[in-house]
Amino acid sequence: MLRPRTTAVIATLVALCAFGLYLATMAPSIVWAFSGEDSGDLAAAVATWGIPHPTGYPLYILLGGLFSHLIPIGQLAFRLNLMSASCTAAGCALVFLTVLRLGGRRADLKPAVLYIAAACAALALATSRTIWTQSIITEVYALELLFSAAIAFLLASDLHDRRQLYLLAFVAGLSLTHHTTIVFSLAGAAAAVSLRWRRRLLDPALLLRLAALFALPLLLYLLLPLRASQHPASNWGDPSSAGRFIDVVTGAPYRYLIDHNLLHAVRAVPAVLRLAFSQFAWWVIPIAVYGAVSLFESDNPYVLYLVVVAVLSAGFLSGYHAAGREVYLLQAYVVVSIGFGYGLIVAARLISDAMHDGSPRRLTWMFGVFGLATVVPWAVMGLHDFNLRHDWQALTYAENTLFTAPPGATIFTDTDEKTFALWYVQRALHDRRDVTVVDTRFRDPEHQR
């Protein structure tokens, strides 16, 4: 019922709309805003083909290096900001296609209504507050969103085709070379696939092929000890030995941030819910829940996936006490947007049945206006609240500090913001490399760099 060419064109327009919003508010360099202090560390690691903070992010470094060479515009950090925007825009396009895959089974609706519902879901995700902030700075979470959206898209396909299942296994393994919290999506995907395939997964040959495809991309982690042995300027944790390699890959330096008290996590649930509701128009999450309940009748494995991702994301956020931890609900926002899109499609069918004249044009206009009301106010607020186009604070601090230092000086720092900004100017911009930057927290095992 849906024409592939029309679908591709609208998906592209959705991605371009999201990218345009991010480009209009994008930071010109490294930033400290929106918990972006790691931008200096990541950009410095890309510049030196080095190793940033755990978990080392080998895939991000490779893609960042490639992207920065293909797009010779502005500073290195700005190019990496463009990569973040591109990843989120592509993820929103995949959410659009996912909603169409799920809702396209309702052949009794006009294509225009399906397109509007899917586009509204994707753009609601694009304009959500936390995702916007992570799409205009040098950070790892936009690429994580892309993987989360890709997994959701592949699960919505016909997994009776083994090629789709093989692709899902490979993408799952590749996603783990980027960020370990993607296990929330992987756990949901594993639950859905187990429920959908059941007896077929008892085939040893199939399991062996899936395991091999999952493990193959994980070999990227071997780049960490290989590069560490060459002593790059960015060499966090020096994972050249087995013990240090395991510490870096598993994020061991950050385990102290995990609160194992279940009662504390339960008490944090209301704050997590308030954070989630603050991301979208107030009706998005209720409609998403309605969509998940409606989808359960026809595709309960997919609903299981949605629930597992949302619960694990919220649970982790409740017990993890790090600055800027709101980014760990990112995968939950992806599944919320998918549920929201499907809920709109179900609601459209009910409204169509209730309309005595059955006018498809009036239904299309109704949903078009609703979609604008869902997206436009948040886009306008985002253009104002997240505008980093003139944010030079981090770079100005680093340049002023380095350029006023005498030759061969030693600068002592004690925060990520200062240390990473100085690293960026030295390692990415190649200025004042005669100055030694010493972070005094290196003596603390919890802050080993």
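Guide: Let's start with a rule: a salt bridge is a side-chain nitrogen of Lys or Arg within 4 Å of a carboxyl oxygen of Asp or Glu. By the way, this is a predicted model, so local features need pLDDT of at least 70, side-chain atom pairs count only at pLDDT 80 or more, and totals for chains, interfaces and linings use all residues. Residues are numbered from 1 along each chain as its sequence is written, and side-chain values use heavy atoms, leaving out hydrogens and water.

Visitor: What makes Asp 238 and Arg 244 a salt bridge?

Guide: Their side chains meet at 3.4 Å, N to O, and the limit is 4 Å, so the pair passes. The whole structure has 7 salt bridges.

Visitor: Why is Asp 238 called partly exposed?

Guide: Its relative accessibility is 23%. Buried means under 20% relative accessible area and exposed over 50%, with partly exposed in between (1.4 Å probe, protein chains only), so 23% falls in the middle class. Arg 244, at 36%, is partly exposed as well.

Visitor: How do you know that Arg 129 and Asp 385 meet in a salt bridge?

Guide: The N to O distance between their side chains is 3.4 Å, so they fit the rule too. Arg 129 is in helix α6 (residues 129-134) and Asp 385 in helix α18 (residues 360-385), so the pair ties together parts that are 256 residues apart in sequence. Those helices are DSSP runs (H or I, at least four residues), and strands are E runs of at least two, numbered from the N terminus. Arg 129 is partly exposed at 25%, and Asp 385 is partly exposed at 34%.

Visitor: What makes Arg 441 and Asp 416 a salt bridge?

Guide: Here N and O are 2.7 Å apart. Arg 441 sits in the segment after β2 (436-439) and Asp 416 in helix α20 (residues 416-428), so this bridge joins parts 25 residues apart in sequence. Arg 441 has 17% relative accessibility, so it counts as buried, and Asp 416 is buried at 19%. Together with Asp 439, they form a network of salt bridges.

Visitor: Why is His 178 called buried or exposed?

Guide: Its relative accessible area is 0%, so it is buried. His 178 sits in the loop between α8 (162-176) and α9 (183-197).

Visitor: What does the side chain of His 178 reach, and what makes that a polar contact?

Guide: It reaches the backbone oxygen of Val 140 at 2.6 Å. A polar contact is a pair of N or O atoms within 3.5 Å; within protein, one must be able to donate a hydrogen and the other to accept it, and residues adjacent in sequence count only if both atoms are side-chain atoms. So 2.6 Å is inside the limit. Beyond four places in sequence, His 178 also has contacts (heavy atoms within 4.5 Å) with residues including Tyr 57, Tyr 60 and Tyr 221.

Visitor: What makes a set of residues a nonpolar core?

Guide: The set holds buried Ala, Val, Leu, Ile, Met, Phe, Trp, Tyr and Cys residues joined through side-chain atoms within 4.5 Å. The largest one here has 145 residues, and those with the most contacts inside it are Tyr 60, Tyr 302, Tyr 305 and Phe 340. Helix α4 (residues 76-103) gives the largest share, 17 residues. A second, separate core of 7 residues includes Ile 51 and Phe 245. In soluble globular proteins, nonpolar side chains tend to be buried together.
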